[in-house]
Structures are given as structure tokens and as C-alpha cells.
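Biologist: I'd like a close look at one helix in this protein and at what packs around it. Could you walk me through that part slowly?

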Amino acid sequence: MTVSNVINGTGKMSDATRQTVLAAIDTLGFQPNQAARALAGAEALRIGFVHSRVNNGFLSAMLIGALNAGALLGAQLLVRAVPTVDAEGLAETVRSLCDNGVKGILLSPPFAEMLPGSALLAELAVPVAAVAAGQPLPGLLTVRVDDRAAVRQMVDRLLALGHRRIGLIAGPSAHSSAHARRLGYCDSLAAAGLPVDEALIGAGRFSFDSALPAAEHLLSLPDRPTAIFASNDEMAAAVIVSATRRGLAVPQDVAVAGFNDDSIASQTWPPITTVRQPVEQLAAQALRTLAEHIRGRAVPDDQLLPFEIVPRRSTGELPPA
């Protein structure tokens, strides 16, 4: 019991006793059995993980990050897919998790955007953390990158390569990250003194299939864009497929850039220039923050992790006219 109290920072003991235990731990190279701690403390640190029924690289990375962090913390993760991506489906899922004794809830996009100001958030007696939201969300703990700044840097890069007609395949309006990425696109064009041409903006839903019609439309324009930024890598891959079908070379005829640095970004040919969003680290940090909050420790409401522009062969200088 004394050793357990020292490891967990609980209980009362003299400083001499604490130092003796710490010295013994150091001498023996003792490491707590995290699996046993998870079983023993599951009731105290049971966390619900809520996601949509979408199978993509983003969700896989988020789940891996949360599971790894949970294992290190001795937390039990209850994973639930929402049957329908709407407020009713979310409410049904989180209430079920609360009935199962979770002490906190971790949300994947776009569910976090449904909660601020809602009756459901007021009803919940547990803290909620959101991964990869596009902005701070009142009443929630958020861990994210600066989507707006990231996309501005990416479009600035395309402008520096000589492109002036730059298309955008935007994400769904329900995602705050999609809104932030559109703003970053507009910011970059405005700073370069270029107007935002709505004819160069297509709508997608963060999926390969949803981006194909948008890409086909943009590439069929009489004065088509010489570069297209897609709001995630799956949609960027769809642009490359669409261009290939039309006999266009990437990047010679059209440059393509994406967001996330999912596995598809390096597996597509040519590999995709993208914004690397550290999804595993975002999820792990969100779970750690949630655990700290549950344990009564002060944590920031909003945390930003760094992003990185990853240049690959899908972008290049605009060839001379």
C-alpha cells in the first residue's frame, strides 16, 4: 500500500518514508504493471471514445493515439460508434456511455461542434474533450492545430511556385476545421491581392468519393485552376485520379496539395504535398488532458500542437505559358 501511495501520489507518509520507497524503486528498476492498474482503477478512470462510422486514416490514427495514452495512464477506453451523425445519435451514444460509468468523453470530429450551448452539454456531468476541432469550443477541452494558419502557409507555398488560379475543395460545413481551412485559403489569396473566385471552390465531405465530382468540375472549367488545395488527403487523392482520367499530368498540368498526412498521401502517385497534422499526438494529449481534469488538476481549455508542411511531388513550379 505504501509503494502504491508513493507511485500514485496519494495517502499520507513522512518524507523519509517516501524517499526510501523512491530509492528502492530506482535501485530495482521497478515499473508499474499498467494492465493491472487499468483493471484495478477502471472505475476511477473509464473514458468514452466517440466516433462516426467512417473508416479512414484520420480515425485510425486518432484511435491509436488514444489507446496508447490510455494504456500508459491505466485508463479503460470504451469505444462507441454513433449510429447517425446528428445530435440525436450523439445524445444516445454519450448517455449510454455515462450509464456505463465513464468519467469523461473524448470526441472525434464533427461531434464536438454539436455540443456548445446545447441542452446535452448542460446535462452531462462529465468533462468532454475534442480532438482536431477548428477552433476553441466553449465548455469543452480542445486539442488541435491551427488549421487556418496551416492552410494559409500551404496556399502561400503554391503562390510562391507561381500559381495564381488556385482551386479549393472544401470540407463539410459541420466541421469547424473545414471552415478554418477555407478561411486560411481566403487569407492567403487576400494577402497576395487576389480575389476569391467562388467558381474555383468545390464542396466535399472529407471522403474520396465526395471529392471526385468537385474535382471533375474544377478540371473541366475552360480556365481551369493550375493548382488545387483539397481540405484532406483523401480528397487530394481524388483530384489526382480525376486529373489522370482527363489526361492531365500532376504537377505539370495541375498541382495538388492536401491536409493531414494520412498514409494515402505517401501511397498515391505522385505522393501528395500536405499539411502534417499529428493526429496520434493530438488524441493522446486530449486523453491525458481529460484524465488530468478528471483528477481535479488544472488544465488549459484549448491547446495547440505544431503542424508541418510536407512537400512532395504533387506540387511544383508553374510551367511557363
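Modeller: Here is a tour of helix α7 and its surroundings, with a few nearby oddities at the end.

A word on the ground rules first: this is a predicted model, so to speak, in which local features need pLDDT of at least 70 and side-chain atom pairs count only at pLDDT 80 or more, while totals for chains, interfaces and linings use all residues. Residues are numbered from 1 along each chain as its sequence is written, and side-chain values use heavy atoms, with hydrogens and water left out.

For the wider setting, the protein has 12 helices and 12 strands, taken as DSSP runs numbered from the N terminus (H or I with at least four residues for helices, E with at least two for strands). Of its 321 residues, 50% are buried, meaning under 20% relative accessible area with a 1.4 Å probe and protein chains only; exposed is over 50%, and partly exposed is in between.

Now to α7 itself. This helix covers residues 147-160, 14 residues in all, and its first and last C-alpha atoms are 20 Å apart, close to the 20 Å expected at 1.5 Å a residue. That expected span is 1.5 Å times one less than the number of residues. Just past the end of α7, Gly162 has a positive phi of about 105°.

Which residues of α7 are buried? They are Asp147, Ala150, Val151, Met154, Val155, Leu158 and Leu159. Their cover includes helix α8 (176-191) along with strands β6 (166-170), β8 (227-230), β9 (255-260), β10 (273-276) and β12 (308-310).

Let's stay with α8. Its axis and that of α7 come within 7 Å and cross at roughly 40°; axes are lines fitted to C-alpha atoms, for helices over the stretch in contact, with angles from 0 to 180 degrees between N-to-C directions. That makes α7 oblique to α8, since under 35 degrees is roughly parallel, over 145 roughly antiparallel, 65 to 115 roughly perpendicular and the rest oblique. The crossing is right-handed, that is, the near helix is turned clockwise from the far one by less than a right angle, anticlockwise being left-handed.

On the α7 side, the residues that meet α8 include Arg148, Val151, Arg152 and Asp156, and their partners in α8 include Ala180, Arg181, Tyr185 and Asp187. Contact here means heavy atoms within 4.5 Å. By class, this contact has 8 nonpolar, 3 polar and 6 charged residues; Ala, Val, Leu, Ile, Met, Phe, Trp, Tyr, Cys and Pro count as nonpolar, Asp, Glu, Lys and Arg as charged, and the others, Gly among them, as polar.

Arg181 deserves its own stop. It sits in α8 and is buried, with a relative accessible area of 4%. Leaving aside neighbours within four places in sequence, Arg181 is in contact with Asp147 and Val151, and also with Phe206, Ser231, Asn232, Phe259, Asn260 and Gln277.

One of those partners, Asn260, leads to the oddities. Most residues other than glycine have a negative phi. Asn260, in strand β9, has a positive phi of about 120° although it is not a glycine, and it is buried at 5% relative accessible area. Asp261, in the loop between β9 and α11 (263-267), also has a positive phi, near 65°, and is buried at 18%.
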